[in-house]
Amino acid sequence: LLGETKYYQARYNPAEGKLKIEEIKPDANGVPQQKTGVENGWEWITTDVWGDNPISLVECDTCGKKMGVYWEKKYPKWGNHIYKKGEYLGRYFNGMANLQNGLIRLIGRYWHKDSTYIVTLRAKLNSQDSTLIKIKVIKPNELVSEKEAATIYGSYSKTKDVFNKIVNIDSLCNYHGGILGISPHLLKGQMHKECAKTNFGGEVKWGFAPSYRYEPYTTQNSEQVLKTLVSNPFFIKSTTIVNPPNHQNLKPMNYFSGDTITVWEIISEYSQLVNKNSPYILYGLRKDNNTMDFDTPGYELTNLQEKYNSYFIETEDATIYDPVLNKIRKLTFAERADSANKSMIVYLRDKFEFKDANKTKGMKNMIAQTRIASSYGLFQVMYTTAIGDDWKYPKDQDHKPEALNEIDTNLVYATNRMAKYISTYNNKNNWKDGYEETIRKVIFREWNGENYSKLVISRSQLFIPKR
């Protein structure tokens with residue numbers, strides 16, 4: 001199957017002078033165990049019978065020109081299962097390990113509906129004894145692990161797009177992964193990390209929502225947005241009437257439309273900093289102890305969290321004069337938290353410094369660039385990234401930022417970029433760091449950093465290719 005791993009080891013029958021290749025099933029932890037000894041006259045070979053060129057294309061008119069499988073002599077190491085608030089999030093990725101002598105790993109690598117990918121795997125014991133098996137790569141029927149299928153969220157195999165049409169996510173991952181030579185469950189694991197999820201009901205049930213997220217703390221306050229893109233057709237000015245497309249099923253928020261809105265108005269509504277009872281935590285979560293968390297709603301806003309922490313009075317010996325009691329008393333934890341929250345409000349609303357030409361201070365004084373300072377779609381593609389030299393999304397009036405939330409557009413631009421990341425590896429096998437580790441470093445770490453890349457690889461284990 002495309003994206004599926006299989007392990008092989010050879011056996012030799014000296015009486016018959018025959019060699020054969022057999023599949024080795026990994027154990028419950030996903031570790032292939034080398035077999036030893038003799039069974040019914042057949043000896044398990046524990047030396048390398050594969051060499052440096054064990055795979056070749058089968059010559060026929062219907063075969064695809066690309067090598068249908070990737071081979072290597074390493075395997076991925078998986079750690080503990082990961083859960084967050086009861087949701088199963090895959091297995092922790094521990095890197096790669098060398099296979100024991102005599103074993104080889106094959107991964108279904110390329111697939112296309114108009115091509116048939118057939119290869120031969122050859123084992124050679126000596127100059128006289130060799131054998132081969134033919135392997136055909138076919139697409140999986142679904143991408144889901146047994147653990148994920150058993151949860152209330154299901155397999156996320158379908159979704160509804162911005163036009164309210166039902167879309168098969170597994171088919172998309174198979175198609176684009178098959179072209180790229182990247183396992184489809186890795187693409188789906190990245191979607192799971194990036195996308196908002198919602199219960200569409202009906203035949204779709206839980207699915208990846210068309211995801212729109214305005215980035216007030218980061219992209220909004222970039223020189224690219226506030227200086228370079230001031231002439232962009234979607235840059236919002238004080239007189240602009242914002243008119244985005246009428247897309248449906250948006251999560252975690254809807255597009256902003258109509259009159260301009262300030263950054264502070266959005267922070268006030270979509271975080272719990274001002275209103276602790278707000279249903280929105282996108283830009284700030286109020287914890288049970290009444291302090292604010294700016295890291296957990298899907299961002300790594302370390303600097304913002306440090307700013308908040310600087311306002312919090314850590315010492316339990318902090319005092320204040322109490323006019324009611326007419327004496328100095330210790331501040332309670334709740335009072336210290338309330339003080340930090342109020343200070344953070346003042347900072348963001350009145351003092352936060354932007355990187356525009358005027359160095360505007362205060363979010364209340366900055367128009368929110370809700371179209372160009374936002375991310376869209378299954379891979380959360382930033383508009384500012386998409387129009388860059390590497391991605392080449394057109395900057396003209398006909399190519400709206402919100403079009404990146406349309407599945408075909410999002411997938412094409414995102415996977416084209418992945419193809420460039422991995423292009424130098426396309427015709428190679430047996431990478432030094434192994435398959436998962438190389439994909440992690442070359443694609444996902446470049447996409448959004450070290451921790452992000454590990455999470456994507458781990459979440460891919462939610463969506464193992466199934467027949």
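1. A strand here is a DSSP run of E, at least two residues long, numbered from the N terminus. Thr-198 is found in one of these, strand S15, which covers residues 197-199. Keep in mind as you read that this is a predicted model.

2. Is Thr-198 buried or exposed? Its relative accessible area is 15%, and buried means under 20%, so Thr-198 counts as buried. Leaving aside residues up to four places away in sequence, Thr-198 touches Lys-205, Trp-206, Gly-207, Ala-209 and Lys-251. Have a look at those neighbours in the viewer.

3. Now for a contrast. Asn-40 sits in the loop between strand S3 (38-39) and strand S4 (42-44). Its relative accessibility is 77%, and exposed means over 50%, so Asn-40 counts as exposed. Try finding Asn-13 too: Asn-40 and Asn-13 are 27 residues apart along the chain, and their C-alpha atoms are separated by 8.9 Å.

4. Next, helix packing. Two packed helices are described by the angle between their axes and the distance between the axes. Helix H3 (residues 184-194) packs with helix H10 (residues 435-448) at an angle of about 40 degrees, and their axes are 12 Å apart. H3 and H10 are therefore oblique to each other. As for handedness, H3 passes H10 in a right-handed crossing.

5. Which residues make that contact? From H3 come Leu-186, Gln-190 and Glu-194, while H10 brings Tyr-435, Ile-439, Phe-444 and Trp-447. Sorted by type, the residues of the contact of H3 with H10 are five nonpolar, one polar and one charged.

6. Stay with H3 a moment. Of its 11 residues, 10 are buried, so H3 is largely enclosed by the rest of the structure. Among the buried ones are Leu-186, Gln-190 and Glu-194, the three residues that H3 puts into its contact with H10. Pro-184, His-185 and Met-191 of H3 are buried as well.

7. On to charges. How many salt bridges does a search of the whole structure find? The count is 25. One of them pairs the side chains of Asp-114 and Lys-113, at 3.3 Å from N to O. Both Asp-114 and Lys-113 are exposed.

8. Helix H7 (residues 333-351) has a nice example. Asp-338 forms a salt bridge with Lys-342, and their closest N and O atoms are 3.1 Å apart. Asp-338 and Lys-342 are four residues apart in H7, which means that about one helical turn separates them. Asp-338 is partly exposed at 31% relative accessibility, whereas Lys-342 is exposed, with a relative accessible area of 51%.

9. Another salt bridge also involves H7: the side chains of Lys-364 and Asp-350 meet at 3.3 Å, N to O. Asp-350 belongs to helix H7, but Lys-364 lies in the loop between H7 and strand S23 (374-376), so the pair ties together parts that are 14 residues apart in sequence. Lys-364 is partly exposed, with a relative accessible area of 43%, and Asp-350 is partly exposed too, at 25% relative accessibility.

10. Finally, salt bridges can share partners, and here they join Lys-432, Asp-433, Glu-437, Arg-440, Lys-441, Arg-445, Glu-450 and Lys-454 into one network. Helix H10 covers residues 435-448, so you can start from there when you look for this network.

Conventions: Residues numbered from 1 in each chain as written. Predicted model: local features only at pLDDT ≥ 70, side-chain atom pairs only at ≥ 80, totals over all residues. Heavy atoms only, no water. Buried < 20%, exposed > 50% of the residue type's maximum accessible area, 1.4 Å probe, protein only. Salt bridge = Lys/Arg side-chain N within 4 Å of Asp/Glu carboxyl O. Contact = heavy atoms within 4.5 Å. Axes fitted to C-alpha atoms, helices over the stretch in contact; angles between N-to-C directions. Parallel < 35°, antiparallel > 145°, perpendicular 65-115°, else oblique. Left-handed = near helix turned anticlockwise from the far one by under 90°. Nonpolar A, V, L, I, M, F, W, Y, C, P; charged D, E, K, R; others polar.
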